[in-house]
Amino acid sequence: MKENDVVLRTVTKIVVFILLTFGFYVFFAGHNNPGGGFIGGLIFSSAFILMFLAFDVKQVLISLPIDFKKLMIIGSLVSVMTAIVPTFFGKPFLYQTEADIALPLIGHVHATTVTLFELGILLTVVGVIVTVMLSISGGKS
């Protein structure tokens, strides 16, 4: 192992945490501010790709119990179902509902179906980007 590898791996552990935290922030701030599922998905993907660059791809895939192809399919289904389900109840396509939920420890939370739709977009983007990058690099996708 070269000295540069030690520095890269050490910095990667910190930067991946920062990227994932910022990705969560961008995802949840998305329906009120710039951001959302697509940009959050790109940030999450960059964290995974950085891990693949710093560490052995096979070891990272073993340590992460994520099948990125399945993640892509699940994300697409979540987004499509969020868009289509309101039509079964006489509402327009992509109809948004919202609710204020009182949670015991957190307090009042404003929840919308847009967040569920954006979650599907996030999962799809992460699945597609990481699968494409693994395929290009010759790693197991």
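**Aromatic pairs, helix packing and the nonpolar core**

Five aromatic pairs are present in the structure, which is a predicted model. A pair of aromatic rings is described by the distance of the centres and the angle of the planes. In these terms, Phe 24 and Phe 44 form an edge-to-face pair, with 5.2 Å from centre to centre and 80° between the planes. Because Phe 24 belongs to helix H1 (residues 3-29) and Phe 44 to helix H2, this pair ties together parts of the chain that are 20 residues apart in sequence. The two partners differ in exposure class: Phe 24 is partly exposed, with a relative accessible area of 46%, whereas Phe 44 counts as buried at 10% relative accessibility. A further edge-to-face pair is formed by Phe 27 and Phe 28, whose ring centres are 4.8 Å apart and whose planes make an angle of 65°; Phe 27 has a relative accessibility of 9% and therefore counts as buried, the limit being under 20%. In addition, Phe 48, Phe 52 and Phe 68 form one aromatic cluster.

As to the overall arrangement, the chain contains five helices and two strands, which follow one another along the sequence in the pattern α-α-α-α-β-β-α. The C-alpha trace spans about 60 × 35 × 25 Å along its principal axes. Of the 141 residues in the chain, 29% are buried. Among the contacts between residues at least 6 apart in sequence, 60% join residues that are at least 24 apart.

Two packed helices are described by the angle between their axes and the distance between the axes. For helix H2 (residues 37-54) and helix H5 (residues 113-137), the axes come within 8 Å and cross at roughly 35°, and the crossing is right-handed. On the H2 side, the residues that meet H5 are Gly 37, Phe 38, Gly 40, Gly 41, Leu 42, Phe 44, Ser 45, Phe 48, Ile 49 and Phe 52; on the H5 side, the residues that meet H2 are Glu 118, Ile 121, Leu 122, Val 125, Val 126, Ile 129, Val 130, Met 133 and Leu 134. Divided by class, the contact of H2 with H5 comprises 14 nonpolar, four polar and one charged residues.

Individual residues illustrate this contact from both helices. Val 126, in helix H5, has a relative accessible area of 4% and is therefore classed as buried. Its C-alpha atom is 5.1 Å from that of Ser 45, although Val 126 and Ser 45 are 81 residues apart in sequence. Apart from neighbours within four places in sequence, Val 126 is in contact with Gly 41, Phe 44, Ser 45, Phe 48, Phe 68 and Leu 71. From the other helix, Ile 49 of H2 is in contact with Ile 129 and Met 133, with neighbours within four places in sequence again left aside. The C-alpha atoms of Ile 49 and Lys 13, which are 36 residues apart along the chain, are separated by 12 Å.

In soluble globular proteins, nonpolar side chains tend to be buried together. In the present model, the largest nonpolar core has 17 residues, and those with the most contacts inside this core are Phe 48, Met 51, Phe 52, Phe 68, Val 126, Val 130 and Leu 134. At least two residues of the core are supplied by each of H1, H2, helix H3 (57-63), H4 and H5. Phe 68, also a member of the aromatic cluster with Phe 48 and Phe 52, is in contact with Phe 48, Phe 52, Leu 61, Val 126, Gly 127, Val 130, Thr 131 and Leu 134 when neighbours within four places in sequence are not considered.

Two further residues may be noted. Thr 82 is located in helix H4 (residues 68-84) and, with a relative accessibility of 13%, counts as buried; residues up to four places away in sequence being excluded, Thr 82 touches Thr 113, Leu 116 and Phe 117. Most residues other than glycine have a negative phi, and most peptide bonds are trans. Leu 94, by contrast, has a positive phi of about 65° although it is not a glycine. Leu 94 lies in the loop between H4 and strand E1 (98-103) and is partly exposed, with a relative accessible area of 46%.

Key: Residues are numbered from 1 along each chain as its sequence is written. This is a predicted model: local features need pLDDT of at least 70, side-chain atom pairs count only at pLDDT 80 or more; totals for chains, interfaces and linings use all residues. Side-chain values use heavy atoms; hydrogens and water are left out. Axes are lines fitted to C-alpha atoms, for helices over the stretch in contact, and angles run from 0 to 180 degrees between N-to-C directions. Helices (H or I, at least four residues) and strands (E, at least two) are DSSP runs, numbered from the N terminus. A crossing is left-handed if the near helix is turned anticlockwise from the far one by less than a right angle, and right-handed if clockwise. Contact means heavy atoms within 4.5 Å. Ala, Val, Leu, Ile, Met, Phe, Trp, Tyr, Cys and Pro count as nonpolar, Asp, Glu, Lys and Arg as charged, and the others, Gly among them, as polar. Buried means under 20% relative accessible area, exposed over 50%, partly exposed in between (1.4 Å probe, protein chains only). Rings of Phe, Tyr and Trp (its six-membered ring) pair if their centres lie within 6.5 Å; planes under 30 degrees apart count as stacked, over 60 as edge-to-face and the rest as tilted. A nonpolar core is a set of buried Ala, Val, Leu, Ile, Met, Phe, Trp, Tyr and Cys residues joined through side-chain atoms within 4.5 Å.
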